[in-house]
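Colleague: I should like a close look at a single part of this model, with the terms explained as they arise. Please take one residue as the starting point and then move on to the elements.

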Amino acid sequence: MPGRPRHGESVGRRIGRSAWRIVASSTARQAREATRYASAIQQPVTTGRQIAVSSIRGGAGKSTVAALLALGYAHYRTDPVLALEADPSLGTLPHRLGASEVRWSCGDLARILDPSLQITDVTGYLLPFGSGGWLLPGSQGAVGAMLDIETYRIVMTSLRRYFAATVVDCETLPAEVARTAMVTTHARVLVAPATPEGVTSTRAVLDWVGGLHRSMLPTTVVVLTHPAPDSAINLSRAADYLGASGAAVLPLPYDRHLAAGSAVQPSLLAEHTREAAARIAAEVMNRAASRRPSRTRQAAPEPGSLAGLDKGRPWIFRPDDGGAR
């Protein structure tokens, strides 16, 4: 009598092959996503993209997200990247970017900026960070005069021609400079804790942004941060609730390295945190460059302009000379 048909491979070999396929498939997916994120972050821009990062309350992780964005852009892009702290009241962006000293602040630089300056002149007043990034603190490590709208305007309109991407770490809303930055930059990032209160407060800010002009919402990204390992909310429902306006909603998972509050070192981030940070940076750059889902578009205030200024001939970013043409 013939025996029971047998498989050509043992059970152990088949289980091992299936496990390998799962691992290989996951690795291939991660590689595709990493390539897609890098391509979005590295995309060429015709004018310096300015990105404002703010939140509705302190402790949400605003400066951490700003640091992650600045580090990501400095790592992936070959052109100059600026991190600007528009929060002079002992903001933490310099600390998060590992600055060991503070030389010049926004107010100091606003008094000497001149169209004749070359990028090598400008960077002499800035602090280097990461791989090709530059930092301009909001204060000199002490509580000083509040950053006013005029100083912010001078710095932002003067420096945009030198840097392909500028990440602005703003004060928490509804501070005046933060409100101005949210309106006049190419993209805006709202950072909120992944809690019911954080989601509700952020929805109120999105309603305010939409009330200013609906076309600003598609260039807005909401980042939900996790202050603890376990989230207290349903992230999918929160994304649906906040994303109905047209804004992107992305999570930044809990990370022990980020939670420690020290200088951000990308090599010490958990793998899922690095992936989330790259995804956020890519989404923000896409929206800052107006590469977002198609929808009915309305005329909005000129991104990057303030009080009707900077509306002359278009500027073409040239990383070789940092000038405007």
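Why does C106 count as buried? Please then set out how strand β2 is covered and paired.

Modeller: This is a predicted model, in which local features need pLDDT of at least 70 and side-chain atom pairs count only at pLDDT 80 or more, while totals for chains, interfaces and linings use all residues. Residues are numbered from 1 along each chain as its sequence is written, and side-chain values use heavy atoms, without hydrogens and water.

C106 counts as buried because its relative accessibility is 1%; the term means under 20% relative accessible area, whereas exposed means over 50% and partly exposed lies in between, with a 1.4 Å probe and protein chains only. C170 counts as buried too, because its value is 0%. A disulfide is a covalent bond between the sulfur atoms of two cysteines. A search of the whole structure for such pairs, defined as cysteine sulfur atoms within 2.5 Å, finds zero.

The protein chain has 325 residues, and 48% of them are buried. Its secondary structure comprises 11 helices and eight strands; these are DSSP runs numbered from the N terminus, helices being H or I with at least four residues and strands E with at least two.

Strand β2 spans residues 81-86, and six of its six residues are buried. In a regular strand the side chains alternate between the two faces of the sheet. In β2, V81, A83 and E85 point one way, L82, L84 and A86 point the other way, and all are buried.

β2 also has partners; two strands pair if DSSP finds at least two bridges between them. With strand β4 (residues 133-136), β2 runs parallel and is joined by four bridges; within that pairing, L84 stands opposite L136. With strand β5 (residues 165-170), the sense is again parallel, over six bridges, and T166 is the bridge partner of L82.

For contrast with a strand, consider helix α11, which has 18 residues (271-288). From its first C-alpha to its last, α11 reaches 26 Å, close to the 26 Å expected at 1.5 Å a residue; the expected span is 1.5 Å times one less than the number of residues. An α-helix has 3.6 residues a turn, so residues three or four places apart point the same way. The buried residues of α11 include T273, A277, I280, V284 and R287. S290 follows α11 and has a positive phi, near 65°.
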